[in-house]
Structures are given as C-alpha cells and as structure tokens.
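Reader: I would like to go through this model with you and ask, term by term, what each description rests on. Please set the values against the cut-offs as you answer.

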Amino acid sequence: SGSSSPILRNLQTELQLSNYLRPTASPISEIGLDPASEARYLGIEIDGMVRFRPFSDLGALLSLGLFFPNKNAFSGTYAEPQFLGRFEFSFSF
C-alpha cells in the first residue's frame with residue numbers, strides 16, 4: 001500500500017493491493033468458495049481512497065474497491081469481479 005499528500009495539503013490519496021490465499025488445501029465451509037476446489041490462491045483486491053479535508057471540522061472521503069476472484073476457487077456469482085464504492089461526508093460543530 002502507499003499514500004501521498006500531493007500539492008494540496010488538504011488532499012490525501014491512498015492505493016492498496018491485497019492478495020488472498022487459502023490457509024489450507026482441505027475443504028472450507030465458506031459462502032461462495034467451491035468446496036471441491038483445492039486452489040490456494042483466492043484473488044486480489046485493489047482499493048483506492050481520496051480524502052479531502054479543507055477544514056478541521058469538515059471532510060469528505062471517496063473510496064473504491066475491486067476484488068478479482070480466482071475463478072477456480074469460487075462458484076456461481078462469487079466467481080465474478082466484485083465492486084464497492086463509498087462516499088462519506090463528515091462535519092462537526
């Protein structure tokens with residue numbers, strides 16, 4: 001993972017890559033995993049975040065995430081890429 005605060009000191013960006021591995025080759029009872037599969041590699045997740053805080057009591061956050069599963073380890077719709085997006089707005093008074 002890595003983060004930076006570019007030219008604007010109130011703006012912060014972050015990028016993170018995560019690999020997911022199966023801890024054992026034996027069957028695992030987990031929703032979405034193919035119980036017949038012995039694949040150790042489950043997939044990769046890419047997350048990005050942009051945080052803007054113009055004032056100490058006002059801020060916004062945009063985060064996006066993509067998970068690319070190993071199609072040999074998952075079954076059904078879980079074998080398709082998954083996307084998550086979130087926008088947060090925060091303030092205090």
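Reader: Which residues does Asn-70 touch, leaving aside residues up to four places away in sequence?

Author: In this predicted model, Asn-70 touches Ala-39, Tyr-41, Leu-42 and Gly-43 once residues up to four places away in sequence are set aside. Asn-70 itself has its place in the loop between strand E4 (58–69) and strand E5 (82–91).

Reader: Why is Asn-70 called buried?

Author: The relative accessibility of Asn-70 is 15%, and buried means under 20%, so Asn-70 counts as buried.

Reader: What does Lys-71 touch, with the same kind of sequence neighbours, up to four places away, not counted?

Author: Lys-71, which is also placed in the loop between E4 and E5, touches Ala-79 and Glu-80. As for Leu-42, its C-alpha atom and that of Lys-71 are separated by 8.3 Å, the two residues being 29 residues apart along the chain.

Reader: What makes the ring pair of Tyr-20 and Phe-67 edge-to-face?

Author: A search of the whole structure finds four aromatic pairs. For Tyr-20 and Phe-67 the ring centres are 5.9 Å apart and the planes stand at 75°; since rings pair if their centres lie within 6.5 Å, and planes over 60 degrees apart count as edge-to-face, the pair is therefore edge-to-face. This pair links distant parts of the chain, with Tyr-20 in strand E2 (residues 11–21) and Phe-67 in strand E4, 47 residues apart.

Reader: How do you know whether Tyr-20 is buried, exposed or partly exposed, and which of these words applies to Phe-67?

Author: Tyr-20 has a relative accessible area of 35%, and because partly exposed covers what lies between the 20% and 50% limits, Tyr-20 is partly exposed. Phe-67, at 16% relative accessibility, counts as buried, because the limit for that word is under 20%.

Reader: Why is the pair of Phe-89 and Phe-91 called tilted?

Author: The rings of Phe-89 and Phe-91 are 6.0 Å apart centre to centre, with 45° between the planes. Planes under 30 degrees apart would count as stacked and those over 60 as edge-to-face, so an angle belonging to neither group is called tilted. Phe-89 is exposed, with a relative accessible area of 53%, and Phe-91 also counts as exposed at 53% relative accessibility, because exposed means over 50%.

Reader: Which residues do ring pairs link into a cluster?

Author: The cluster linked by ring pairs consists of Tyr-20, Phe-67 and Phe-74.

Reader: What makes Gln-12 partly exposed?

Author: Gln-12, found in strand E2, has a relative accessible area of 27%, and it is called partly exposed because that value is neither under 20% nor over 50%. The C-alpha atoms of Gln-12 and Ser-92, 80 residues apart along the chain, are separated by 20 Å.

Reader: Turning to the whole chain, how many helices and strands are there, and why is the chain described as more spread out than a compact globule?

Author: The chain has zero helices and five strands, in the pattern β-β-β-β-β along the sequence. Its radius of gyration is 18 Å, well over the 12 Å that the globule rule gives for 93 residues, so the chain is more spread out than a compact globule. The C-alpha atoms fill a box of roughly 55 × 25 × 20 Å along the principal axes, and 22% of the 93 residues count as buried.

Key
Residues numbered from 1 in each chain as written. Predicted model: local features only at pLDDT ≥ 70, side-chain atom pairs only at ≥ 80, totals over all residues. Heavy atoms only, no water. Helix = DSSP H or I, 4+ residues; strand = E, 2+ residues; numbered from the N terminus. Rg over C-alpha atoms; globule rule 2.2 N^0.38 Å. Buried < 20%, exposed > 50% of the residue type's maximum accessible area, 1.4 Å probe, protein only. Contact = heavy atoms within 4.5 Å.
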